[in-house]
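Open the model in your viewer and keep the selection panel at hand. The tour moves from one selection to the next.

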There are 2 protein chains.
Amino acid sequence: MSAFDALMAFQRDTEALGQIAGRLGWDQETVMPRGAAAQRGEEMAAIDAVLHARRCDPRVGEWLEAASPPDAAGQAQLREIRRAFERATKVPAALSRRIAQVTSEAQGKWAAARADENVAAFLPVLEEVVALKREEGAALAAGGNVYDAMVQDYEPGTSGAAIGAIFDAMRPRLVALRAAVLERPAPAALKGAFDTSAQMRLARQLARVFGYDMNRGRLDKAVHPFSSGSGADVRITTRTSPTDPFNCLYSTIHETGHAGYEQAVDPAYALTPLGCGASMGVHESQSRIYENQIGRGRAFAGWLYGRMREAFGDFGIADADAFHATLNRVHAGFIRTEADEVQYNLHIMLRFDLERALMAGDLGTNDLEAAWNDRFAADFGQEVDRPSNGCLQDVHWSVGLFGYFPTYALGNVYAGCLYRALCAAVPDLDAQLERGDTSGATGWLRDNLQRHGRRYAPRETIERACGTAPSEGPLLDYLEAKFGALYGL
Amino acid sequence: MSAFDALMAFQRDTEALGQIAGRLGWDQETVMPRGAAAQRGEEMAAIDAVLHARRCDPRVGEWLEAASPPDAAGQAQLREIRRAFERATKVPAALSRRIAQVTSEAQGKWAAARADENVAAFLPVLEEVVALKREEGAALAAGGNVYDAMVQDYEPGTSGAAIGAIFDAMRPRLVALRAAVLERPAPAALKGAFDTSAQMRLARQLARVFGYDMNRGRLDKAVHPFSSGSGADVRITTRTSPTDPFNCLYSTIHETGHAGYEQAVDPAYALTPLGCGASMGVHESQSRIYENQIGRGRAFAGWLYGRMREAFGDFGIADADAFHATLNRVHAGFIRTEADEVQYNLHIMLRFDLERALMAGDLGTNDLEAAWNDRFAADFGQEVDRPSNGCLQDVHWSVGLFGYFPTYALGNVYAGCLYRALCAAVPDLDAQLERGDTSGATGWLRDNLQRHGRRYAPRETIERACGTAPSEGPLLDYLEAKFGALYGL
């Protein structure tokens with residue numbers, strides 16, 4: 001067996017074990033008995049240790065040295081295996097273990113501090129997490145920029161500076177758009193109660209409408225919506241609230257974007273490093289274009305209004321135009337996960353600048369709350385009223401996810417580029433969406449982006465689909481046009 | 001770290017990975033999307049390979065040599081680790097792989113042959129399975145008896161000869177009891193349709209009544225009822241048929257016997273080789289005593305009759321005595337899994353003698369069908385009408401499970417012994433069961449047997465609970481008394 005074949009066979013088992021670990025995560029969030037939590041922790045640690053040992057296995061280094069890839073796809077496989085191998089071997093095992101311990105502890109302390117509105121109770125453990133992650137980042141960077149090294153885990157090939165340049169170009173236009181929209185009268189909010197079983201039936205219909213293959217997946221309820229798995233077993237979750245059916249329905253559409261991407265990857269890449277989405281940012285572009293550009297567009301909103309009338313009867317919204325306005329209602333708020341398209345990216349930029357400063361050592365954890373609140377007042381024109389509405393609202397930093405936040409906004413930027421290209425490629429897109437037919441959109445995304453999986457670097461993945469390099473322009477033009485029309489600006 | 005501690009730490013991760021593999025099996029039978037089957041096969045193979053490598057790891061041999069157990073429980077841990085290590089290292093890896101391949105293929109061919117009523121189509125692959133299993137048995141036996149070596153996988157410490165002696169003592173009394181019962185008029189069978197949702201609600205109630213802890217388990221539907229997992233995550237399944245509520249309810253009670261056993265093992269043994277049931281036979285004794293001696297006894301039947309009237313209204317059975325008779329209805333039939341208490345063990349004895357002869361080389365696969373049919377006619381007084389009612393009815397041999405069948409009957413024998421001891425220990429047992437209170441029975445079984453897990457050898461496990469060595473007498477006395485009364489013999 002050639003070194004390349006031996007490496008790929010070894011990697012295939014590693015990928016299969018990774019799928020198993022992911023499925024345990026799904027199990028834990030959906031069907032696991034509550035009393036099994038402690039035992040599950042030991043099970044997860046055992047399979048994580050197996051995966052870590054395989055990723056650092058010295059034979060992988062030897063195979064990588066000796067392997068000659070048979071073609072360009074093989075070369076891309078080696079690129080991904082090498083990245084994971086270097087990632088795993090650069091960080092000392094003792095440091096990885098310490099990070100796992102401290103972040104596990106920190107997550108609990110963060111949850112308690114958030115519940116108690118007590119930033120001070122969280123700071124000591126956050127300080128420890130920051131120090132450990134900076135140490136890890138330094139090991140990964142090997143003399144280079146620490147934050148850039150971290151970003152590679154989520155969006156390979158980009159840098160803090162490159163992201164910063166995009167965000168700097170976006171911020172003034174978004175701040176201005178937000179201010180203009182909020183000066184105008186807001187459309188009506190949804191009112192009343194919506195049967196949760198009917199919500200789940202409609203959610204199932206929406207998943208199918210967006211091309212989700214239930215034969216290779218399933219939809220369940222969970223506390224937090226997520227998509228899990230690759231290849232032939234990609235499961236999604238959503239949640240229901242009797243007063244907020246959009247939460248259930250648009251979480252489903254969002255997760256269908258992620259899951260449909262995984263399901264559409266070329267089966268030839270199954271159980272290989274190329275058999276999944278290209279990056280967090282590209283992944284988010286798929287969930288966002290499904291959810292926002294398509295799902296919250298006027299054409300699809302008209303179709304969905306009809307389905308909601310069938311499911312819930314008269315729910316107090318007079319017609320499809322009013323429904324579209326309600327669906328895109330912008331209102332001042334503190335919470336990122338509840339933010340609309342206009343404000344969402346501003347939440348991300350705030351976090352990006354703060355976490356970059358934390359990692360660079362330019363911001364201490366003791367100054368984090370003040371820095372957050374100052375920046376929030378500047379961008380959102382509001383004073384943060386309590387920590388759970390401010391710097392304690394997200395779990396990410398407690399679990400050591402530095403470099404992850406910007407991929408949410410990059411996903412929106414990519415979605416903007418893709419939507420422009422999609423509209424050009426499918427001239428009757430809106431006519432299709434008015435009938436609840438997403439096949440033009442999902443088919444174009446599958447053919448031009450999703451099927452490639454991780455074959456190309458994230459930036460190249462977007463470029464190949466759009467024909468041009470990604471930039472913030474299309475997203476901003478789209479947002480200004482859409483919300484300008486909705487709010488009569 | 002001492003050799004013993006190092007070995008136990010290594011083993012703990014192996015046990016955790018074993019739990020994960022088991023949970024994948026549960027997932028496959030309950031919630032897995034149909035289209036995921038092929039990928040799941042690769043995932044299972046990957047984790048099986050990890051488990052096999054750990055069981056054969058040369059360090060385990062070194063640790064076993066150097067380890068000094070701190071106490072008797074530690075000694076029992078070493079006993080179990082040594083058995084698994086020797087089992088794994090005695091069989092050449094190539095032979096294990098070949099058996100996995102051929103049995104996987106054979107299972108499909110068996111299913112097709114059974115559907116087509118075509119024994120000849122199954123024989124070539126069965127011949128191959130038999131040859132491979134004899135080779136494996138010879139490797140395990142290392143000069144000793146091949147069948148005895150196989151039995152150790154399921155019931156350590158016993159032998160074909162010991163089992164044969166028990167079965168020989170049972171057979172004439174069971175054949176005579178069967179003949180006498182079938183000469184008498186049969187009680188009414190259950191008729192009508194029973195709402196399957198109501199069946200599942202009652203199944204859930206029954207699981208709780210028999211002490212199943214839903215906080216560390218869950219009940220789902222599956223094609224075949226089973227119990228899966230150990231420690232804090234032990235899940236059970238049942239199935240529903242609108243015309244046969246007993247299938248759903250008594251499968252639930254049966255699996256609750258298995259699962260309750262796993263849940264009752266001393267938590268100090270969790271994720272160690274002692275943290276599960278002592279053997280297949282002892283396991284079956286727990287499911288059988290719940291299902292038969294308790295669940296189909298007159299006292300509990302009276303309580304269940306009331307619950308069924310509540311759930312289904314008048315279902316055509318006049319009173320609790322008639323219900324008890326229906327519940328214990330004996331009728332001639334070909335299928336082991338549908339057999340009643342009187343006939344079940346006769347089905348096992350037939351298989352035991354045939355598989356022992358196959359493994360000894362005294363019976364060729366070409367003569368299997370004739371041997372089966374002759375024996376069936378002798379013990380059951382009926383000619384087998386088609387292979388799916390005869391030698392093609394069970395999956396076991398196709399997947400290489402030789403030495404497994406006798407543990408079903410051993411479980412019944414053990415249940416007979418335990419029931420005698422239980423009745424002596426809990427004088428008001430029937431008064432409790434009439435109220436639907438199983439706590440006297442389940443409490444006695446937990447304290448005297450279940451909590452020990454695999455701490456003692458199977459035979460010793462039964463002896464410690466009963467105070468005497470296991471024998472077939474109590475079971476036969478119980479059956480003759482119960483069915484003698486029911487059928488007026």
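Select B:Lys221 and B:Thr238: B:Lys221 stands opposite B:Thr238, which belongs to strand S3 of chain B. This is a predicted model.

Now widen the selection to the two strands. S1(B), residues 219–221, pairs with S3(B) in the parallel sense. Look for 3 bridges between S1(B) and S3(B).

Next, add strand S2 of chain B, residues 227–228. S2(B) runs antiparallel to S3(B), and 2 bridges join them. Pick B:Ser228 here: across from it, in S3(B), is B:Arg235.

Follow the chain between S2(B) and S3(B). The two strands form a hairpin, with 6 residues between them. Stop at B:Gly229 in the turn, where phi is positive, at about 105 degrees.

Show the side chains of S3(B), residues 235–238. Which residues point which way? B:Arg235 and B:Thr237 point one way, and B:Ile236 and B:Thr238 point the other way. In a regular strand, side chains alternate between the two faces of the sheet. Are these four residues of S3(B) buried or exposed? All are buried.

Leave the strands and display both chains. Select the residues of chain B that are in contact with chain A: there are 32, and they touch 32 residues of chain A. Which elements of chain B give two or more residues to this side? They are helix H1 (3–30) and helix H2 (37–55). H2(B) supplies the largest share, 9 residues.

Finally, color this side of chain B by class. It has 16 nonpolar, 6 polar and 10 charged residues.

Note on methods:
Residues are numbered from 1 along each chain as its sequence is written. Chains are lettered from A and ligands numbered from 1 in the order in which they are written. This is a predicted model: local features need pLDDT of at least 70, side-chain atom pairs count only at pLDDT 80 or more; totals for chains, interfaces and linings use all residues. Two residues are in contact if their C-beta atoms, placed from the backbone, lie within 7 Å. Ala, Val, Leu, Ile, Met, Phe, Trp, Tyr, Cys and Pro count as nonpolar, Asp, Glu, Lys and Arg as charged, and the others, Gly among them, as polar. A residue is buried if 20 or more other C-beta atoms lie within 10 Å of its own, exposed if 12 or fewer, and partly exposed in between; C-beta atoms are placed from the backbone. Two strands pair if DSSP finds at least two bridges between them.
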